[in-house]
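The following report describes one predicted protein model, moving from a pair of charged residues to the architecture as a whole. Please read it alongside the sequence and the coordinates.

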Amino acid sequence: MPLDAVTAGILSMDAVECLDELIQQCDVLFICAPLNASTRHSVNDESLAKAKPGIQLINISRGSCVDESAVADALESGRIGGYAADVFGFEDWILEERPDRIDARLLSHPRTLFSPHLGSAVTSTRRSIERAAADEIVRWKNDEPYKFRVN
């Protein structure tokens, strides 16, 4: 949802129309977007070429919102100052075509930081996951169709 002018003013923020406009202005960019056709690899060679030199990128959305190879290239060239993430493209199981590992250049680069994705590590979410798993076991036992994909 776009930020309204009053809220933006209170927070001392400027609303921008698109990523290309934003990436040229900011020192730190948090990527917080769902993964869909319009966000997949939205941070890529083209957008990084427009980025403010030295920008710090932090991906906390889905790994495939960022073209990790393009980020590695931008780190190596010095175009961006650093990259941090708790998500990776190989984890995006919804995609048929995804990398099978993290780009080795990212793992070994001195200006990268990685941590586990802990967004779901709250008690209420874990309880919901546990309940859903138990319900699936009951469905299996009763020879009923599964509600969630089981693999």
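## Salt bridges and the strand β1 region

E130 and R127 both belong to helix α6 (residues 123-141), where they sit 3 residues apart, about one turn of the helix; helices (H or I, at least four residues) and strands (E, at least two) are DSSP runs, numbered from the N terminus. The side chains of these two residues, E130 and R127, meet in a salt bridge of 3.2 Å, N to O, the term being reserved for a side-chain nitrogen of Lys or Arg within 4 Å of a carboxyl oxygen of Asp or Glu. The model is predicted, so that local features need pLDDT of at least 70 and side-chain atom pairs count only at pLDDT 80 or more, whereas totals for chains, interfaces and linings use all residues. Residues are numbered from 1 along each chain as its sequence is written, and side-chain values use heavy atoms, with hydrogens and water left out.

Helix α6 also holds D135 and R131, 4 residues apart, about one turn of the helix, and D135 forms a salt bridge with R131. R131 is exposed, with a relative accessible area of 56%, while D135 counts as partly exposed at 25%; buried means under 20% relative accessible area, exposed over 50%, and partly exposed in between (1.4 Å probe, protein chains only). Salt bridges that share partners also join D73, E76, D103 and R105 into one network. A search of the whole structure finds 11 salt bridges, and three of the pairs are listed here with their N to O distances.

| Pair | N to O distance |
|---|---|
| R101 and D100 | 3.4 Å |
| E130 and R127 | 3.2 Å |
| D135 and R131 | 3.2 Å |

Of the residues in the table, R101 counts as exposed at 58% relative accessibility, D100 likewise counts as exposed at 58%, and E130 counts as partly exposed at 45%.

Turning to the strands, β1 (residues 28-31) contains F30, and along β1 the side chains alternate, with L29 and I31 pointing to one face and buried, while V28 and F30 point to the other and are not. In general, the side chains of a regular strand alternate between the two faces of the sheet. F30 is partly exposed, with a relative accessible area of 48%, and together with V28 and I60 F30 forms a nonpolar surface patch with about 260 Å² of accessible area. Such patches are made of residues with over 30% relative accessible area and no salt bridge, like charges being joined within 9 Å and nonpolar side chains (Val, Leu, Ile, Met, Phe, Trp, Tyr) within 5 Å; accessible areas come from the Shrake-Rupley method with a 1.4 Å probe, and for residues only the protein chains shown count as cover.

Strand β2 (residues 55-59) pairs with β1 in the parallel sense over 4 bridges, pairing being assigned if DSSP finds at least two bridges between two strands, and I58 in β2 is the bridge partner of F30.

As for the whole protein, its secondary structure comes to 6 helices and 4 strands, which run α-α-β-α-β-α-β-α-β-α from the N terminus on. Of its 151 residues, 29% count as buried, and the protein exposes about 10,200 Å², of which carbon and sulfur atoms supply 56%.
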